[in-house]
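The following exercises introduce a single protein chain through short tasks. Each task is followed by a solution that proceeds step by step.

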Amino acid sequence: MTNDVRARKLADRIRVIAAETLERRVKDPRLGFVTITDARVTGDLRDATVFYTVLGDEEARAASAAALEKVRGLVRSEVGRQTGIKFTPTIAFVADAIPDVARHIEDLLAEAHAADEAVAAAARGASYAGDPDPYRSSEDLEEDLEEDLEEDVEEDLEGGLREGERAEGRTADVSGEPS
């Protein structure tokens, strides 16, 4: 575990030394606006990877990568001189993918925002299928109960009359009187 702590400390120091060296000692015109974003050192402290970004187009990135490759030895010797460690790690410059990934994520978020806006626009003009309020209120239930009671009473009255007529007919038939 202490080796990991030492590797992180050395990586931070290498990042600072590489940035200062590129700023103060390197005069290569191909080197564009380079930013050192991170540095990582292996657990055995033998290899260091320095991540960088370049402001500009693809041509500026390629020219800066060539210039960084050329000054790799100078940066390594400066790291060895300033850190004073027994074995100076080899230095490798790697273009940082974070800006490209961030740009891709921003594009995806813009697409998602546009899709959300389209859904919101479609929802503004839409209406619910069926009733606006699908739940029945207590007033509706009372009205339905009153209507059902009225219908039941009417059916019972009509049904009672029919049965009364049948009953009269039966009695008339039994008594022998014509109906």
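**Exercise 1.** In which loop is the place of Phe87? Describe the surroundings of Phe87 as well.

Solution. The model is a predicted one.

Step 1. Phe87 has its place in the loop between α3 and β3.

Step 2. The relative accessible area of Phe87 is 34%. Buried means under 20% and exposed means over 50%, with partly exposed in between; Phe87 is therefore partly exposed.

Step 3. With neighbours within four places in sequence left aside, Phe87 is in contact with Leu45, Arg46 and Arg76.

Step 4. For the pair Phe87 and Leu45, the separation is 42 residues in sequence, while the C-alpha to C-alpha distance is 8.0 Å.

**Exercise 2.** Is Leu45 buried or exposed? State also where Leu45 lies along the chain and what its backbone shows.

Solution.

Step 1. Leu45 belongs to the loop between β1 and β2.

Step 2. The relative accessibility of Leu45 is 10%, so Leu45 counts as buried.

Step 3. Although Leu45 is not a glycine, its phi is positive, at about 65 degrees.

**Exercise 3.** Which residues does Thr88 touch, not counting residues up to four places away in sequence? Classify Thr88 by its accessibility.

Solution.

Step 1. Thr88 is found in the loop between α3 and β3, where β3 spans residues 90-95.

Step 2. Thr88 touches Arg76, Val79 and Gly80 once residues up to four places away in sequence are not counted.

Step 3. Thr88 is classed as buried because its relative accessible area is 17%.

**Exercise 4.** With which side chain does the side chain of Glu78 make a polar contact? Place Glu78 in its helix before answering.

Solution.

Step 1. Helix α3, residues 72-83, contains Glu78.

Step 2. At a relative accessibility of 5%, Glu78 counts as buried.

Step 3. Apart from neighbours within four places in sequence, Glu78 is in contact with Ile17, Thr21 and Arg25.

Step 4. The polar contact links the side chain of Glu78 to the side chain of Arg25, at 2.6 Å.

Step 5. Glu78 and Ile14 lie 64 residues apart in sequence, yet their C-alpha atoms are 9.3 Å apart in space.

**Exercise 5.** Which element gives the most residues to the lining of the largest pocket? Describe this pocket and then examine Thr53.

Solution.

Step 1. The largest pocket holds about 250 Å³ of space. It is lined by 13 residues, of which Thr53, Val54, Arg61, Asp96 and Pro99 are the closest to its centre.

Step 2. Two or more lining residues come from each of β1 (33-41), β2 (47-55), α2 (58-70) and α4 (98-124). The most come from β2, which gives 4 residues.

Step 3. By type, the lining residues of the largest pocket comprise 6 nonpolar, 2 polar and 5 charged.

Step 4. Thr53 lies in strand β2 and is buried, since its relative accessible area is 18%.

Step 5. With neighbours within four places in sequence left aside, the contacts of Thr53 are Phe33, Val34, Thr35, Thr37, Asp96 and Pro99. Asp96 and Pro99 are also among the residues closest to the centre of the largest pocket.

**Exercise 6.** How many helices and strands make up the secondary structure of the chain? Characterise the chain as a whole.

Solution.

Step 1. The chain has 5 helices and 3 strands, and along the sequence these follow the pattern α-β-β-α-α-β-α-α.

Step 2. The chain comprises 179 residues, and 20% of them count as buried.

Step 3. Among the contacts in the chain with a separation of 6 or more, 61% join residues 24 or more positions apart.

Step 4. The accessible surface of the chain is about 13,500 Å². Carbon and sulfur atoms account for 53% of this surface.

How values were computed: Residues numbered from 1 in each chain as written. Predicted model: local features only at pLDDT ≥ 70, side-chain atom pairs only at ≥ 80, totals over all residues. Heavy atoms only, no water. 1 Å grid on protein atoms, 1.4 Å probe; cavity = no way out; pocket = protein on both sides within 12 Å on 5 of 7 lines; lining within 4 Å. Points joined across faces, edges and corners; volume = space filled by probe spheres on them. Nonpolar A, V, L, I, M, F, W, Y, C, P; charged D, E, K, R; others polar. Buried < 20%, exposed > 50% of the residue type's maximum accessible area, 1.4 Å probe, protein only. Contact = heavy atoms within 4.5 Å. Polar contact = N/O pair within 3.5 Å; in protein donor to acceptor, adjacent residues only side chain to side chain. Areas by Shrake-Rupley, 256 points an atom, 1.4 Å probe, with all protein chains shown as cover.
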